[in-house]
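Dear colleague,

Please find below the structure that I am handing over to you, together with its sequence. My findings follow directly after it.

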Amino acid sequence: MPRTLRPFALFAALSLLIALPAGAYTIYLKDGSKIEAREAYEVIDGTAYFTYINGTRTFIDASEIDAERTRIANEQNLGTALVLEGGKVRELKKDELGQTERKPTLADLINRRRDQPDRPARGSAGPGAADRGSITEGGYRDLANAARQGFSNAERDAKVLELFRSQGLATTQTYQGSNPSSILVTVETAGEPQVFRALVVAASALRSAARDGDLETLELLMNTPTGERAGQFVLTPEMADDLLDQRVDPPLFFQAHVQF
């Protein structure tokens, strides 16, 4: 069962939300491709103007945009939504958009929480944690400051990278985790939908590797395109099963397991 958050964790999780860029507005084109923008496009004299997640301002012919699909997807907070089917991730299809209720945001979920457990004691991140990197405010090993060296299993390393990048998370790097049976994955996430996507992809990567005996844990560090933290997690196979078997929704999973 997912745990809930005490006031410090609530504050920390809300701070993560503030750090996330206001983007992740998805513009769907009639040719089936899509563009990730910071906000809704503006049409002037038949030209659609918008800003990429990285801050670059540009424009296209407004007639290229699938305006209805774009409107419905973003109104329902489904611009880059994912669906789990048999433990695999896929994006919602065009004809499914109008049939799916809007999912609550992280802010929605966090603001509803009332029962809040203790945070870990300072320095409780495990034996030798201080030697492997600094400790976060919540008492966890800080993955942002962990030592960086290549993952020892080259074949598994390649599979993990391929899975993340195939799901649209192109800025992903892998390193040796805190022990030989753990991998550290850093990934750039632009907005809440990509945060949830990264969690699900990480769970899928861990479950596959655990079945092969390659991994026991997956350490996940997410950052925004401007370098702010978007959350860190240490996933176990049991946690991965909860997420992939849909026992816990990605937003609630984030709220329960984020290490602040």
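Strands S1 (residues 25-28) and S2 (residues 34-37) pair in the antiparallel sense, and four bridges join them. Please bear in mind that this is a predicted model. Together S1 and S2 form a hairpin, with five residues lying between the two strands. In the turn, Gly-32 has a positive phi of about 100°. Across the pairing, Tyr-28 of S1 stands opposite Lys-34 in S2.

The side chains of S1 deserve a second look. In a regular strand, side chains alternate between the two faces of the sheet. In S1, Tyr-25 and Ile-27 point one way, whereas Thr-26 and Tyr-28 point the other way. Are these residues of S1 buried or exposed? All four of them, on either side of the strand, are buried.

A further sheet is open and has three strands, in the order S3-S4-S5, with antiparallel pairing. Strand S3 (42-44) and strand S5 (57-61) stand at the edges; each has a single partner strand, so one side of each is left without a neighbour in the sheet. From one strand to the next, the twist averages 30°. Strand S4 (residues 47-51) is joined to S5 by five bridges, and these two strands run antiparallel. Within this pairing, Tyr-49 has Phe-59 in S5 as its bridge partner.

I turn now to the helices. Helix H6 covers residues 192-211, which makes 20 residues. How far apart should its ends be? At 1.5 Å a residue, H6 should span 28 Å; its end C-alpha atoms are 29 Å apart, and therefore the two values agree. H6 is mostly covered, as 17 of its 20 residues are buried. After the helix comes Gly-213, which has a positive phi near 80°.

H6 packs against helix H8 (residues 250-257) at an angle of about 80°, and their axes are 9 Å apart. Because angles of 65 to 115 degrees count as roughly perpendicular, H6 is described as roughly perpendicular to H8. On the side of H6, the contact is made by Val-195, Phe-196, Leu-199 and Val-200. H8 contributes Pro-250, Pro-251, Phe-253 and Phe-254. What kinds of residue make up this contact? Eight are nonpolar, while none is polar and none is charged.

With kind regards

How values were computed:
Residues numbered from 1 in each chain as written. Predicted model: local features only at pLDDT ≥ 70, side-chain atom pairs only at ≥ 80, totals over all residues. Heavy atoms only, no water. Buried < 20%, exposed > 50% of the residue type's maximum accessible area, 1.4 Å probe, protein only. Pairing = 2+ DSSP bridges. Expected span 1.5 Å × (residues − 1). Axes fitted to C-alpha atoms, helices over the stretch in contact; angles between N-to-C directions. Parallel < 35°, antiparallel > 145°, perpendicular 65-115°, else oblique. Contact = heavy atoms within 4.5 Å. Nonpolar A, V, L, I, M, F, W, Y, C, P; charged D, E, K, R; others polar.
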